Amino acid sequence: MAVAHEPVRGDGHVARRERRTDRASWAPTVGPGMVLGVLGTVGVVVSMFLSWRTGDVMPSDVPFGFLFDSTTTATNPSILLALIPLAVIIGIGAVMPRASAARIIGGLGVLVVVVLFAVQVRDLVDRFPGANMWDTLDTGWYVAAISGLVAFVSGFLPSGWTRREYTEAEVDDGRDTRTYDQR
């Protein structure tokens, strides 16, 4: 039967054994990308409850097909089908570490919805002489446009999540000590 022996140095003393463990984790801090991402999310959500066109036309009243055809007769689903998932994507990108791409994609998606809506409203307004598209668009459209732009820009700024690294070392020479070096 083999018996494990402690390593012994030449002078008869027991040698020290060390074990190092490097660890890393993410620590939330507030950064400009995170703040603007949250503002973009809140703005998109608020725009869903505001009128997008004069006459109190809410996003829930605008069929999704309107974004591609101003003469559509469809009534369902509404453009909320696009806005709700985009708001969720922006929100996830704002609170998750290393998710700036989600804020960029969500912001671009909102901007696409806003531009398609404006193009179709312009097509409708062009049928009436003297009418102006900018007079027809209402507060919700502007809030969504600004929020989409803010969310898009937030994707290029640091989100605020920092990587925390530390080393854990154990020394085995009859006593146990732990040290932490935070980098």
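**Figure 1. Arg122 and its acidic partners in the predicted model.** Let's begin with Arg122, which is partly exposed, its relative accessible area being 40% in this predicted model. Its side chain meets that of Asp123 in a salt bridge, with N and O 3.3 Å apart. Asp123 is itself partly exposed, at 27% relative accessibility. A salt bridge also links Arg122 with Asp126, where the closest N and O atoms are 3.9 Å apart. That distance counts as a salt bridge because the cut-off is 4 Å between a side-chain nitrogen of Lys or Arg and a carboxyl oxygen of Asp or Glu. Asp126 is exposed, with a relative accessible area of 54%. Through shared partners, Arg122, Asp123 and Asp126 are joined into one network. Searching the whole structure turns up two salt bridges. As background, side chains of opposite charge can pair when their charged atoms come close.

**Figure 2. The largest nonpolar core.** Here we turn to the interior. The largest nonpolar core holds 26 residues, and those with the most contacts inside it include Trp52, Val113, Val114 and Phe117. Val121, Leu137 and Trp141 are also on that list of residues with the most contacts. Helix 2 (80–95), helix 3 (100–125) and helix 5 (139–154) each supply at least two residues of this core. Which helix gives the largest share of this core? Helix 3 does, with seven residues.

**Figure 3. A closer look at Leu137.** Setting aside residues up to four places away in sequence, Leu137 touches Trp52, Phe117, Ala118, Val121 and Tyr142. Among these partners, Trp52, Phe117 and Val121 are listed together with Leu137 as residues with the most contacts inside the largest nonpolar core. Two of the names come up again among the rings: Trp52 and Phe117 form one aromatic cluster together with Phe66.

**Figure 4. Aromatic pairs.** How many aromatic pairs does the structure hold? There are six. In one of them, the ring centres of Phe64 and Phe68 lie 5.7 Å apart with their planes at 65°, so this pair is edge-to-face. Phe64 is partly exposed, with a relative accessible area of 26%, whereas Phe68 is exposed at 55%. Trp134 and Trp141 also make an edge-to-face pair, at 5.9 Å from centre to centre and 70° between the planes. Is Trp141 buried or exposed? Trp141 is buried, at 8% relative accessibility, because the limit for buried is under 20%. Its partner Trp134 is partly exposed, with a relative accessible area of 47%.

**Figure 5. Ser51 and its surroundings.** Ser51 sits in the loop between helix 1 and helix 2, and at 9% relative accessibility this serine counts as buried. The Ser51 side chain reaches the backbone nitrogen of Val57 at 3.3 Å. Leaving out neighbours within four places in sequence, the contacts of Ser51 include Asp56, Val57 and Met58. Ser51 is also in contact with Asp138, Thr139, Gly140 and Trp141.

**Figure 6. Backbone details in the loops.** A few backbone angles deserve a look of their own. As a reminder, most residues other than glycine have a negative phi, and most peptide bonds are trans. Where is the cis peptide bond shown here? The bond runs from Asn76 to Pro77, with omega near -10°. Pro77 is found in the loop between helix 1 (32–47) and helix 2. Asp56, a contact of Ser51, has a positive phi, near 55°. Asp56 lies in the loop between helix 1 and helix 2 and is exposed, at 59% relative accessibility. Arg98 also has a positive phi, near 55°. This arginine belongs to the loop between helix 2 and helix 3, where Arg98 is exposed with a relative accessible area of 70%.

How values were computed: Residues are numbered from 1 along each chain as its sequence is written. This is a predicted model: local features need pLDDT of at least 70, side-chain atom pairs count only at pLDDT 80 or more; totals for chains, interfaces and linings use all residues. Side-chain values use heavy atoms; hydrogens and water are left out. Buried means under 20% relative accessible area, exposed over 50%, partly exposed in between (1.4 Å probe, protein chains only). A nonpolar core is a set of buried Ala, Val, Leu, Ile, Met, Phe, Trp, Tyr and Cys residues joined through side-chain atoms within 4.5 Å. Helices (H or I, at least four residues) and strands (E, at least two) are DSSP runs, numbered from the N terminus. Contact means heavy atoms within 4.5 Å. A polar contact is a pair of N or O atoms within 3.5 Å; within protein, one must be able to donate a hydrogen and the other to accept it, and residues adjacent in sequence count only if both atoms are side-chain atoms. Rings of Phe, Tyr and Trp (its six-membered ring) pair if their centres lie within 6.5 Å; planes under 30 degrees apart count as stacked, over 60 as edge-to-face and the rest as tilted.
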